[in-house]
Amino acid sequence: MRVTQSMVSANSLRNISNSYNKLATLNNQVASGKKITKPSEDPVVAMKGMYYRSNLNQVEQYKRNLSELHLWMDNSEAGIEQATSGLDRVRELLLQGKNDTNSIDERAAISKEIAQIKEDIVNVANTQVNGKYIFHGSDVSNALVTAGSPPQVAGNVTDPAINNYSVEVSQGITMKANINPSTFNQETFNVLQDIEDKMANNDTEGLDELLVRLDNVINSMNSERAELGARSNRLEMVESRIDSQEVMANKVLSDNEDVDMEVAITQLSVQESVHNAALSVGARLIQTSLIDFLR
Amino acid sequence: MTSTFMGLETARRGLVAQQSALYTTGNNIANANTTGYTRQRVDLQQTEGFPSVGTNAPKIPGQMGTGVEAGSVVRVRETFLDTQYRSESSKLGYWENRSNALSDLETIMNEPSDSGLAASMDSFWESLQDLAVDPTNSGARAVVRQRGMSVGETFNYLYNTVSSQKIDAQNEIGVTEKAVNTLLSQLTQVNKQIGSIEPNGYLPNDLYDQRDTILDELSKYAKIKVTYEPSGGNALAQAEGKAVVSLVDDNGNVLGNLVDKNEYNELKLDSNGDNTAIQSISIGNTTIDINNFESTGKLKSVVESYGYVNTNGQVSGIFDDMLAELDNLAFTFATEFNKVHEEGMSPNELKNGNQAISFFADSQSSDGSITVRKGFASRITISEDIKSSLDNIVNSDPTIATLGDSSYVSKLSAIINNNYDYGNNSEQSNFRNYFEGVIGSMAVSAQEATKMHANSSTLQQTVDNKRMSTSSVSLDEEMTNMIQYQQAYNAAARMISITDEMLDTIINGMGVGGR
């Protein structure tokens, strides 16, 4: 085959530009840390990348949702704890007041203490977290209890519709953040009011019956607390699952589109020497012709 | 008997012929870097031997050579390689333009990234999730409104940018059309010049080169077939004649005549009624429906990027298809989102009773209602109700109707994950998958175009290499030739001296013997 100067120079120019192109691609990869900069370079990586990215965003969001659940559950737990210890104190005082050895004054003092505990439980039932009444189900903007004698509980506490302040913890799966709104029901405050009144009036009739009612109230509160504890456990499990999901999602995303630095840098230096060789050979080839040797 | 001065004449012929060969070599060297230049060579041929046949021919033993003459100056070129080169050239023209258009589109869509449409939808979904866990938080509501706006604006931005690419493609259509017609007119000019020179027995090598360069250029735009018609008169056998160029499809069927012997037919791309797409191509009086225009080349690719009326009467094209997909995404998502949003109860509705409040709106319709799919991605915005009050964003189920109920926010956030008929073709998919599909198919087309661009460019270079191997100037070869012709020239001159000495012997030295 006949080879001419213009062929040689066109070929070496093309080869140099090809190898420079490869250098640029590798440089891009190393600088950006990504395998591709355009979807056409690898459509599969690009499509998977979009999917994994959304997936990671979702997992991160669900993780953020969990903090709201923690907030509600921890505060509910603290509230029930406080209310239960109040009710326990009332039970003690009731047992104490039942004794006929008590004077009118002593019973009046008991009544005053119970009145304070009642106020306290009203305050607990109206606990606000971030401006929301957390013991009123999803009806967070209205107070659960109105102070009075006896304090009045909102009429909708037994409505199952509001017993569901739920938070999404993964796609389509929700967790209830609130405790049953009827935990603090009218009966709670009626019992407290009745005990307070009987003590104030030094009336010992029917105290046994009140004790039974009080025990029922305490029991139902305890069982709600147990339920909340179980739910907290579930929350922790969900949390650890989401944590590991996040790690997985990050790993998959990175495996898919992050460049393998060792490989990329090795290729870069190989390509660099190829490029140097192409340059020096090209430069030598196109310099000489027969003219240089003719006298 | 030969004449006394025959030796002088033979040597003179040698001088003249070697000189013309030497000048042609000089011309080759001078044009070593000229685009489209084909190396030339002088056809040296022997002159008729002496004596010639005849009754009065001198009876001498044998026929003697009388020297050399320069027959003609011809180009060293293979037309078969030209045909091959042009066929690769049209493929290269097509794929080069197509890969550029798709690469522009990829840059605009900017996926996968942390700032494209997918990312903007993700952050809208996140804001809905934040509102769902805390529906009374007006900060979360404000974020939902802003992110909703940003989804709308992302759609608007993408639609408008792709549309402006389409306008650029429209300009390119005009430029391409003009470029083709300029080439056709140049070709006709060159044809005319060739037609007036050839009958005089000359080979207009420079014009042939010019014509081949124009044909190479023309072949980028579409597949062409070139035939030659003799220009008559005393044209030499090597004369190429006038080029007749026809536009052919990929199977070689003639679609129309671009250049005849004496004139050319103007090529025109005809738009449809509302000037949004190309409907047909006309060459002179011949009109070709764009769907029958199966001639690979840049022309076809610019039409495909800009848009054409397909067999169903719909406008199709690289940019138009993407615009339609953006409309599909925006329209379906906004419609489904509004459906849920209208059912639910917002804080304002909890006070004033349930009204159908929509979240997204069409900025061009009088009441904001979303009814027209085409171009909706450029018009999607959030509704006036949402703009006027954050408390118009729904949260509650109408049957529960409390401020703290977030079941409808969850429903809204689930829309992005639910399956709908996005493409209006009875196929169900969710927003992310559908969008991934759109980006994926764009990426695959772009990848194909990039690969084919690289392939056709390699093939064209291979053919070009072969062509250069035949036709381009090799300086080493020209230097060798130069020395060869120079030495022959010197030798011929020496021959004259020798003949002169011989004549000196007979003229001045003869008949003086014995003096």
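Pro150(A) sits in the loop between strand S3 (145-146) and strand S4 (152-153) of chain A, where strands (E, at least two residues) and helices (H or I, at least four) are DSSP runs numbered from the N terminus. The peptide bond leading into Pro150(A) from Ser149(A) is cis, with omega near -10°. The model is a predicted one, so to speak with its own filters: local features need pLDDT of at least 70, side-chain atom pairs count only at pLDDT 80 or more, and totals for chains, interfaces and linings use all residues. Residues are numbered from 1 along each chain as its sequence is written, chains are lettered from A and ligands numbered from 1 in the order in which they are written, and side-chain values use heavy atoms, with hydrogens and water left out.

Chain B has its own backbone oddities. The bond from Phe50(B) to Pro51(B) is cis as well, with omega near -5°, and Pro51(B) lies in the loop between strand S1 (40-46) and strand S2 (68-75) of chain B. Then there is Asn110(B), not a glycine, yet with a positive phi of about 50°; its place is the loop between H2 and H3 of chain B.

On to helix packing. Helix H3 (residues 117-133) and helix H4 (residues 138-197) of chain B have axes that come within 9 Å and cross at roughly 165°; axes here are lines fitted to C-alpha atoms, for helices over the stretch in contact, and angles run from 0 to 180 degrees between N-to-C directions. H3(B) and H4(B) are therefore roughly antiparallel (angles over 145 degrees count as such, under 35 as roughly parallel, 65 to 115 as roughly perpendicular and the rest as oblique). The crossing of H3(B) and H4(B) is left-handed, that is, the near helix is turned anticlockwise from the far one by less than a right angle. Contact (heavy atoms within 4.5 Å) involves, among others, Leu117(B), Met121(B), Phe124(B) and Leu128(B) of H3(B) and Val144(B), Val151(B), Phe155(B) and Leu158(B) of H4(B). By class, this contact has eleven nonpolar, six polar and four charged residues, with Ala, Val, Leu, Ile, Met, Phe, Trp, Tyr, Cys and Pro counted as nonpolar, Asp, Glu, Lys and Arg as charged, and the others, Gly among them, as polar.

As for empty space, the search ran on a 1 Å grid over the protein atoms alone: a cavity is a set of points where a 1.4 Å probe fits but cannot get out, a pocket is an open set with protein on both sides within 12 Å along at least five of seven lines, and lining residues have an atom within 4 Å of a point. Grid points are joined across faces, edges and corners, and a volume is the space filled by probe spheres set on the points.

The largest pocket comes out at about 1,000 Å³. Of its 31 lining residues, Asn21(A), Thr25(A), Glu41(A), Thr450(B) and Ala454(B) are the closest to the centre. H1(A) gives the most to this lining, with ten residues, and the lining has four nonpolar, 18 polar and nine charged residues.

There are two cavities of 30 Å³ or more. The largest cavity, about 60 Å³, has a lining that includes Met50(A), Ser54(A), Met121(B) and Phe435(B); H11(B) supplies the largest share, four residues. The second largest cavity has a volume of about 40 Å³, and its lining divides into nine nonpolar, no polar and no charged residues, including Val180(B), Tyr221(B) and Leu299(B).
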